[in-house]
Amino acid sequence: MEFSWWTWSGLMVLLLAAVGLFLRSAVIAVRRDGFGRGRVHRGSAAPWFWSSIGLSAVVGVLLVAWVVLLDG
């Protein structure tokens, strides 16, 4: 398999989306509870937080599989 900038760019866009979801969950948690008590894993920020974790995991698996295919 040959390196593709399109594949790399697509994976990076997905990773940036995951970071955006995480930052959104942090903003919701801090607005609601303040800096000292903001909890992103529970409450109204939880769907954003867990979506970011799931998307990060999917992108990580795809990136590892792509690197293995490039190496082989």
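I started with burial in this predicted model: 17% of the chain's 72 residues count as buried. Next I pulled the surface numbers, and the accessible surface of the chain comes to about 5,200 Å². Carbon and sulfur atoms hold 71% of that area.

Then overall shape. I got a radius of gyration of 16 Å for the chain, whereas a compact globule of 72 residues would sit near 11 Å. I also checked the principal axes, along which the C-alpha trace spans about 50 × 15 × 15 Å.

Secondary structure was a short job: I found two helices and zero strands in the chain. I looked at contacts too, taking pairs at least 6 apart in sequence, and 60% of these join residues at least 24 apart.

On to helix α2, which covers residues 46–71. Does its length come out right, or what span should I expect? At 1.5 Å a residue, its 26 residues should span 38 Å, and I get 37 Å between the end C-alpha atoms, so the two agree. I listed the buried residues of α2 as well: Ala46, Phe49, Ser52, Val59 and Trp66.

Last stop, Leu15. I placed Leu15 in helix α1, residues 5–33. Is Leu15 buried, or is it partly exposed? Its relative accessible area is 34%, so I put it down as partly exposed, since buried would mean under 20% and exposed over 50%. Leu15 also turned up in a nonpolar surface patch with Val19, Phe22 and Leu23. I noted about 330 Å² of accessible area for the four together.

Notes. Residues are numbered from 1 along each chain as its sequence is written. This is a predicted model: local features need pLDDT of at least 70, side-chain atom pairs count only at pLDDT 80 or more; totals for chains, interfaces and linings use all residues. Side-chain values use heavy atoms; hydrogens and water are left out. Helices (H or I, at least four residues) and strands (E, at least two) are DSSP runs, numbered from the N terminus. The expected span of a helix is 1.5 Å times one less than its number of residues. Buried means under 20% relative accessible area, exposed over 50%, partly exposed in between (1.4 Å probe, protein chains only). Patches are made of residues with over 30% relative accessible area and no salt bridge: like charges are joined within 9 Å, nonpolar side chains (Val, Leu, Ile, Met, Phe, Trp, Tyr) within 5 Å. Accessible areas come from the Shrake-Rupley method with a 1.4 Å probe; for residues, only the protein chains shown count as cover. A salt bridge is a side-chain nitrogen of Lys or Arg within 4 Å of a carboxyl oxygen of Asp or Glu. The radius of gyration is taken over C-alpha atoms; the globule rule is 2.2 Å times the number of residues to the power 0.38. Contact means heavy atoms within 4.5 Å.
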